[in-house]
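Below, labels given to parts of a model are set against the definitions behind them. The model comes first, then the questions.

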Amino acid sequence: MHFHYKGGVIIKVLGLDLATKKSGYCFKENKQLIDFGLIRANEKDDIDHRIMQIYLQVKDIVKKYKPDYIVFENTPSHNNAKLGRELSRLHGCIMSLVFDSNGKMGYRDYMPSKWRSAIGTYDGTRNGLRRDVQKQRAIDYINKKYNLDLVYDPKDKAGSDDIAEAICICDAFEIIEKLE
């Protein structure tokens, strides 16, 4: 299956690993990693203000790069209903950017197991479901593929794992959607 966008092949993709305090992003053009980083919200602010801060920063990135697609992780069903609602609200804000583009931009959201399986970082085992294992595998995948030196640290405020997962989600999009 080939993806076409307005008569051309999709070439610009914004990958997001969304969270309400810090979110990783990456931008790829022609499958080349162009930019990546971390979007931060003020952790002391209430949830509505944090969502707005993340949304406005993503909006600026969209204005800068004009992606053909935004790709992010679907809101997993959490044992924590409050967290699930908060992430769903953030996802809705991001989808509004797509809807406001009047058909110039699309989106995909993948369940964590789907994008991880697509890039080969999920092996289907119970151990492979552990958060620390998933984060380390994402970092290892990105470091090897893109010759980066990100380090996973559960106490990491720099967000290396968030950045790595945004890049992984973007790579998974290319695989799942069979971009050439």
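Q: Is Y152 buried or exposed, and why?
A: Y152 counts as buried because its relative accessibility is 16%, and buried means under 20% relative accessible area, exposed over 50%, partly exposed in between (1.4 Å probe, protein chains only). This is a predicted model, in which local features need pLDDT of at least 70, side-chain atom pairs count only at pLDDT 80 or more, and totals for chains, interfaces and linings use all residues. Residues are numbered from 1 along each chain as its sequence is written, and side-chain values use heavy atoms, with hydrogens and water left out.

Q: Where is Y152 found, and what is Y152 in contact with, leaving aside its neighbours within four places in sequence?
A: Y152 is in the loop between helix 4 and helix 5; helices (H or I, at least four residues) and strands (E, at least two) are DSSP runs, numbered from the N terminus. Neighbours within four places aside, Y152 is in contact with D132, K135, Q136, I139 and D161, contact meaning heavy atoms within 4.5 Å. From Y152 to I39 the C-alpha distance is 17 Å, with the two positions 113 residues apart in sequence.

Q: What makes D161 count as buried?
A: D161 has 5% relative accessibility, and the limit is under 20%, so D161 counts as buried. D161 lies in helix 5. The C-alpha atoms of D161 and K28 are separated by 18 Å, and the two are 133 residues apart along the chain.

Q: Why is the pair of R116 and E165 called a salt bridge?
A: A salt bridge is a side-chain nitrogen of Lys or Arg within 4 Å of a carboxyl oxygen of Asp or Glu. The side chains of R116 and E165 meet at 2.9 Å, N to O, so the pair fits that definition. The pair ties together parts that are 49 residues apart in sequence, because R116 lies in helix 3 (residues 112–119) and E165 in helix 5 (residues 160–176). R116 is buried, with a relative accessible area of 6%, and E165 is buried too, at 2%.

Q: What makes the pair of E86 and K82 a salt bridge, and where do E86 and K82 lie?
A: The closest N and O atoms of E86 and K82 are 3.3 Å apart, and the limit is within 4 Å, so the pair qualifies. Both residues lie in helix 2 (residues 81–99), 4 residues apart, about one turn of the helix. An α-helix has 3.6 residues a turn, so residues three or four places apart point the same way. E86 has 10% relative accessibility and counts as buried.

Q: Why are R130 and D132 called partly exposed?
A: R130 has a relative accessible area of 41% and D132 one of 33%. These values are neither under 20% nor over 50%, so both residues are partly exposed. The side chains of R130 and D132 meet in a salt bridge at 2.6 Å, N to O. Elsewhere, salt bridges that share partners join K28, K145, D171 and E174 into one network. The structure holds 12 salt bridges.

Q: How do you know that the buried residues of helix 3 line one face of the helix?
A: The buried residues of helix 3 are P112, W115, R116 and I119. Seen down the helix axis, they fall within an arc of 100°, so they line one face of helix 3; the arc is that of the directions from the helix axis to the C-beta atoms. Their cover includes strand 6 (69–73), strand 7 (106–110), helix 4 (131–146) and helix 5. Just after helix 3, G120 takes a positive phi of about 85°.

Q: Why is N147 called exposed and N30 partly exposed?
A: N147 has a relative accessible area of 71%, which is over 50%, so N147 is exposed. N30, at 46%, falls between the two limits and is therefore partly exposed. N147 lies in the loop between helix 4 and helix 5, and N30 in the loop between strand 4 (22–29) and strand 5 (32–40). Phi is positive at N147, about 55°, although N147 is not a glycine; N30, also a residue other than glycine, has a positive phi near 50°.
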